[in-house]
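Here's a quick briefing on how the strands are laid out in this one. Take a look at the model first, then read on.

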Amino acid sequence: MIAQLPPGTPHPRPVGAFWSVIGTPEETSVVCLDEHRPTGAVAQDSGWALLRLGGTFELDLVGVLIQVLAPLAAAGIEIFALSTYNTDYLLIRSHRVDDARHVLVDHGHVFNGC
């Protein structure tokens, strides 16, 4: 789930197997499992599936995300991208996971679960 908290909201405590918090002067965004939705959200959107790009990518490696995002965009599949120091993650609408899998396999990508 993706939630938007009001500006200045203290960052929520991390909970669950996957979470991300990013804050700016305009908002605090939280990405987490649906069952850990933060309180006080001014907007939220659930129904996303998490895909992890395999491997650890060096920070100076160019073009990793575009190789995945371009085919998904061409197929009209919405994504929400996140990165950590080691790798990249995509949130894809749960009802479009099979479509995404087919598109990415057709473009040479391999799935190990989902």
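One bit of vocabulary before the bridge partners below: two strands pair if DSSP finds at least two bridges between them. Bear in mind that this is a predicted model. There's an open sheet of four strands to look at, plus an open sheet of three strands with a helix packed on it.

**The four-stranded sheet**

- Reading across this open sheet, the strand order is 2-3-1-4, and the pairing is antiparallel.
- Strand 2 (19-23) and strand 4 (43-45) sit at the edges; each has a single partner strand, so one side of each is left without a neighbour in the sheet.
- From one strand to the next, the twist averages 10 degrees.
- Strand 2 and strand 3 (residues 28-32) run antiparallel and are joined by five bridges.
- If you want a residue to anchor that pairing, try Ser20, whose bridge partner in strand 3 is Val31.

**The three-stranded sheet**

- Here the order is 5-7-6, again in an open sheet with antiparallel pairing.
- The edges belong to strand 5 (48-52) and strand 6 (79-83), and because each has a single partner strand, one side of each is left without a neighbour in the sheet.
- The twist in this sheet averages 25 degrees from one strand to the next.
- Helix 1 (residues 64-74) packs on this sheet and touches strand 6 and strand 7, with its direction at about 10 degrees to that of strand 7.

**Who pairs with strand 7**

- On one flank, strand 5 is joined to strand 7 by five bridges, and the two run antiparallel.
- Within that pairing, Ala49 has Ile92 of strand 7 as its bridge partner.
- On the other flank, strand 6 pairs with strand 7 (residues 88-93) over five bridges, also in the antiparallel sense.
- Ile92 turns up here as well, standing opposite Ile79, while Ala81 has Leu90 as its bridge partner in strand 7.
- What links strand 6 to strand 7 along the chain is a hairpin, made through four residues.

**How covered strand 7 is**

- Strand 7 is mostly covered, with six of its six residues buried.
- That goes for both faces: Asp88, Leu90 and Ile92 are buried on one side, and Tyr89, Leu91 and Arg93 are buried on the other.
- So Ile92, the bridge partner of Ala49, is among the buried residues, because buried here means under 20% relative accessible area.

Technical notes:
Residues are numbered from 1 along each chain as its sequence is written. This is a predicted model: local features need pLDDT of at least 70, side-chain atom pairs count only at pLDDT 80 or more; totals for chains, interfaces and linings use all residues. Side-chain values use heavy atoms; hydrogens and water are left out. Axes are lines fitted to C-alpha atoms, for helices over the stretch in contact, and angles run from 0 to 180 degrees between N-to-C directions. Contact means heavy atoms within 4.5 Å. Buried means under 20% relative accessible area, exposed over 50%, partly exposed in between (1.4 Å probe, protein chains only).
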